[in-house]
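User: Let's go through this model together, with the reasoning spelled out as we go.

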Amino acid sequence: MGDAGEGKKEDENKKVIHTYPLVVKSDMSDEMKSEAIEMCVTACEKFNANNEAAAKMIKEMMDKKCGPSWQVVVGEGYGFEITFECKTLLYMFFGGNVAIVVWKCS
């Protein structure tokens, strides 16, 4: 009987790591959102140990694809408060605990 209780406690302590993109908030059109998610996933997979390089790659791709003035933050354990143009915000997680915020301000 003691084994059942111990197994349940171990299950409660396990972390759930999402290996897929998890969108928390977005006001982008569906087409723009899917393109931005794909760019974020590509950059984070390419630069999985370098958040700064991933952010730079995402920004450059968004500037090229959707015009200038895109801002990007990639990292873990941060809060944010931003002002952005309508229909240009994407806040997502990738790889479990890496948060990505993409927005446009001009």
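**A helix pair and its surroundings**

User: Where is the place of K46, and is K46 buried or exposed?
Analyst: K46 sits in helix α2, helices being DSSP runs of H or I with at least four residues, strands E runs of at least two, numbered from the N terminus. This is a predicted model, with local features needing pLDDT of at least 70 and side-chain atom pairs 80 or more, while totals for chains, interfaces and linings use all residues. Residues count from 1 along each chain as its sequence is written, and side-chain values use heavy atoms, without hydrogens or water. With a relative accessible area of 56% (buried is under 20%, exposed over 50%, partly exposed in between; 1.4 Å probe, protein chains only), K46 of α2 comes out as exposed.

User: How far apart in space are K46 and M57, C-alpha to C-alpha?
Analyst: Along the sequence, the two are eleven residues apart. K46 belongs to α2, and M57 to α3. From one C-alpha to the other, the separation is 9.6 Å.

User: Is M57 buried or exposed, and what is it in contact with, leaving aside neighbours within four places in sequence?
Analyst: M57 has a relative accessible area of 17%, so it counts as buried. Contact means heavy atoms within 4.5 Å. Past those sequence neighbours, M57 touches T42, A43, K46 and F47.

User: How are α2 and α3 oriented relative to each other?
Analyst: Helix α2 covers residues 30-46 and α3 covers 51-66, and they pack with axes 9 Å apart. The angle between them is about 150°, taken from 0 to 180 degrees between N-to-C directions of lines fitted to C-alpha atoms over the stretch in contact. Over 145 degrees is the cut-off for this class, so the pair is roughly antiparallel.

User: Which hand does the crossing of α2 and α3 have, and how do the contact residues divide?
Analyst: The crossing is right-handed, with the near helix turned clockwise from the far one by less than a right angle. On the α2 side the contact includes M32, A36, M39 and K46, and on the α3 side M57, I58, M61 and K65 are among the residues. Ala, Val, Leu, Ile, Met, Phe, Trp, Tyr, Cys and Pro count as nonpolar, Asp, Glu, Lys and Arg as charged, the others, Gly among them, as polar. On that scheme the contact residues come to twelve nonpolar, one polar and three charged.

User: What do the buried residues of α3 pack against?
Analyst: The buried set in α3 is A53, A54, A55, M57, I58 and M62. These face a helix and two strands: α2, β2 (70-75) and β4 (98-104).

User: What should the 16 residues of α3 span?
Analyst: The expected span takes 1.5 Å times one less than the number of residues. The end C-alpha atoms of α3 are 22 Å apart, which agrees with the expected 22 Å.

User: What pattern does the protein chain follow along the sequence?
Analyst: There are three helices and four strands in the chain. Of its 106 residues, 30% are buried. Reading along the sequence gives α-β-α-α-β-β-β.

User: Where is S69 found, and what is its phi?
Analyst: Most residues other than glycine have a negative phi. S69 is not a glycine, yet its phi is positive. S69 is partly exposed at 26% relative accessible area. S69 lies in the loop between α3 and β2, and its phi is about 80°.

Notes
Angles under 35 degrees count as roughly parallel, over 145 as roughly antiparallel, 65 to 115 as roughly perpendicular and the rest as oblique.
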